[in-house]
Number of protein chains: 2
Amino acid sequence: MSATATSRYTDATTQRVMAGNGIEYAYRDLGESDVPLVLLQHFRGNLDNWDPALVDALVTDCRVVAFDNTGVGATTGTTPSTIEAMAHDAIAFIEAMEFQQVDLLGFSIGSFVAQEIALVRPDLLQRVVLASSAPQGAEGMHGWAPEVIGAVGAPETSPEGYISVFFAPTDTSRGAGQQAAGRIFGGRTSDRDEPTTWQTRQAQYDAVCAWGIPNHSLLQRVAAIDLPVFVANGDRDPMILPRYSHLLAGLLPDARLKIYPDSAHGFLFQYHEEFAADVHSFLEEAD
Amino acid sequence: MSATATSRYTDATTQRVMAGNGIEYAYRDLGESDVPLVLLQHFRGNLDNWDPALVDALVTDCRVVAFDNTGVGATTGTTPSTIEAMAHDAIAFIEAMEFQQVDLLGFSIGSFVAQEIALVRPDLLQRVVLASSAPQGAEGMHGWAPEVIGAVGAPETSPEGYISVFFAPTDTSRGAGQQAAGRIFGGRTSDRDEPTTWQTRQAQYDAVCAWGIPNHSLLQRVAAIDLPVFVANGDRDPMILPRYSHLLAGLLPDARLKIYPDSAHGFLFQYHEEFAADVHSFLEEAD
């Protein structure tokens, strides 16, 4: 397997690979580096929901692989309703790609999956980026706030609902949000991914709620992740509050933390250049 | 009781008050505000170990009260060897001063005492600042690193040892350290405090080690502190690592976190103007 020649995410073709678990995964693969950076997507997101500007900024310096996990978008199967099962499905994809070791960038629910992979298959990973993340069991995150799930959990979501969660209620952040939404929803005109289904929405939200069942003792789990981790969040994220990034960075043995100002859940799209540069610095740090 | 007329810490007289626990406390009291800000000092520190530049910057906007806890410096009694007992002794001082409610600024071991006061006597407090702090029971802080306790725990300590722990190994931070040390050790020429004893050193280090016995379940204690808290640290503190500030800010229900760059345990002396301004903003925040 090798990366496609293009270095622009909107031009990257959607490829398919059959994995050992019988699932055919849809993915896009671009850029070059020894260790690929595998992206794990947010709630209800498919391949098209990565901001092309972020992927393009990441690709300047590394091979980037985005994929739909089981049951999501153009990937076959049924979306499982636990983070643990999603982690095993992601590992099956990585094995199907014949990657010996990868870096992970997990975003939101994808960051929960990244933590789980780091716990069940640590040898597969070199470094991990957790964007808009939280440790399992933390108090106060059992399901999202009504205005958040109302905006992004409805059967039909709107651009306004998306922007209300992913961007802060300021002119600068909302302006960045309009631009990001333009790139995400208008950038690619052909070979777009399949929309995610209501089954995916329900299964993923089950997994989110289960992850948030308060259980102080489970916070200790991430103490076992001795890989270098970069924890990042927007300072006004209404979906996963920045306090959970503080908590995660404090519980992890080897974490760096950055909170981006004037931003929300989609801080990594708003600050795509700065965030990509921070990710590159982190991935290139001497061990 | 009222504050003295001076607004410069090096000129503030050392006063004494007898408390209900039979201890006569030495203190200095300056500035004006409805709610005084009570300072809780670091390991082996007495009244003179507060950087006068920090106290002067705090006093521009509030009444500031520094005191020696039981057995420390000019205060009578024997230093207890638990944070819990130190908290009760601090409460006895606050009661002797007839303060109905105070803000606390706890620094290092003083920040442990501040947490304990917030847990046993929450009604006494309005807001809490925790500088160079850590929650009880966190993994990896059972006693300080050999070079840290070697530098500040020796029978006779040196300015070089002090600076090696309180300031980062950069020209800027070490330069700031030389200046702070000049203010602390050379600023006041008369009415200096009594030096702290070896008994105080031993008892306080017992308390520090006990606080650091790893016990994940104890991390949950601070979830009960629902007061607004400002958690602050230097990014290269070798005595209490910044990760414990992340952890604390993540465990506390209502915390703000700031990590100051290019600084160590004494970041609040290095950035005395900026830190005092941050403390003022925090204390004046709308609830």
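Is Asp11(A) buried, partly exposed or exposed? Asp11(A) is partly exposed, with a relative accessible area of 44%, on a scale where buried means under 20% relative accessible area, exposed over 50%, and partly exposed in between (1.4 Å probe, protein chains only).

The legends below describe a predicted model, in which local features need pLDDT of at least 70 and side-chain atom pairs count only at pLDDT 80 or more, while totals for chains, interfaces and linings use all residues. Residues are numbered from 1 along each chain as its sequence is written, chains are lettered from A and ligands numbered from 1 in the order in which they are written, and side-chain values use heavy atoms, with hydrogens and water left out.

**View 1. The salt bridge of Asp11(A) and Arg8(A).** The closest N and O atoms of Asp11(A) and Arg8(A) are 3.2 Å apart. This satisfies the salt-bridge rule, which asks for a side-chain nitrogen of Lys or Arg within 4 Å of a carboxyl oxygen of Asp or Glu. Arg8(A) is partly exposed, with a relative accessible area of 44%. Over all chains, the structure holds 28 salt bridges. Side chains of opposite charge can pair when their charged atoms come close.

**View 2. The salt bridge of Arg192(A) and Asp48(A).** Here the closest N and O atoms are 3.7 Å apart. The pair links distant parts of the chain, 144 residues apart. Arg192(A) lies in the loop between helix 6 (171-186) and helix 7 (198-211) of chain A, and Asp48(A) in the loop between strand 3 (37-40) and helix 1 (52-59) of chain A. Helices (H or I, at least four residues) and strands (E, at least two) are DSSP runs, numbered from the N terminus. Arg192(A) counts as partly exposed at 33% relative accessibility, whereas Asp48(A) is buried, with a relative accessible area of 7%.

**View 3. The salt bridge of Glu285(B) and Arg256(B).** The closest N and O atoms of this pair are 3.0 Å apart. Glu285(B) belongs to the segment after helix 10 (272-284) of chain B, and Arg256(B) to strand 8 (residues 255-260) of chain B; the pair, 29 residues apart, links distant parts of the chain. Glu285(B) counts as partly exposed at 30% relative accessibility, as does Arg256(B) at 22%. In chain A, salt bridges that share partners join Arg28(A), Asp48(A), Arg188(A), Asp191(A) and Arg192(A) into one network.

**View 4. The interface of chain A and chain B.** Between them, the two chains bury about 1,200 Å², 57% of it on carbon and sulfur atoms; buried area is the accessible area (1.4 Å probe) that two parts lose on being put together, summed over both. His216(A), Arg243(A) and His246(A) supply 46% of the area that chain A buries against chain B, more than any other three residues. Each chain gives 14 residues to the contact, where contact means heavy atoms within 4.5 Å. The rule finds 0 salt bridges across this interface, and the count of residue pairs in polar contact (both at pLDDT 80 or more) is 5. A polar contact is a pair of N or O atoms within 3.5 Å; within protein, one must be able to donate a hydrogen and the other to accept it, and residues adjacent in sequence count only if both atoms are side-chain atoms. Helix 8 (residues 242-251) of chain A provides the largest share of the side of chain A that touches chain B, 6 residues.

**View 5. The surroundings of Ala90(A) in helix 2 (residues 83-96) of chain A.** Ala90(A) is buried, with a relative accessible area of 0%. Leaving aside neighbours within four places in sequence, Ala90(A) is in contact with Leu40(A), Phe67(A), Asn69(A), Val113(A) and Ile117(A). Pro36(A) is 54 residues from Ala90(A) in sequence and 14 Å away in space, C-alpha to C-alpha.

**View 6. The surroundings of Ser173(B) in helix 6 (residues 171-186) of chain B.** Ser173(B) is buried, with a relative accessible area of 0%. Apart from neighbours within four places in sequence, the contacts of Ser173(B) are Phe167(B), Ala168(B), Asp262(B), Ser263(B) and Gln270(B).

**View 7. The surroundings of His265(A) in the loop between strand 8 (255-260) and helix 9 (267-270) of chain A.** His265(A) is buried, with a relative accessible area of 0%. Not counting residues up to four places away in sequence, His265(A) touches several residues, among them Phe107(A), Ser132(A), Asp237(A) and Met239(A).
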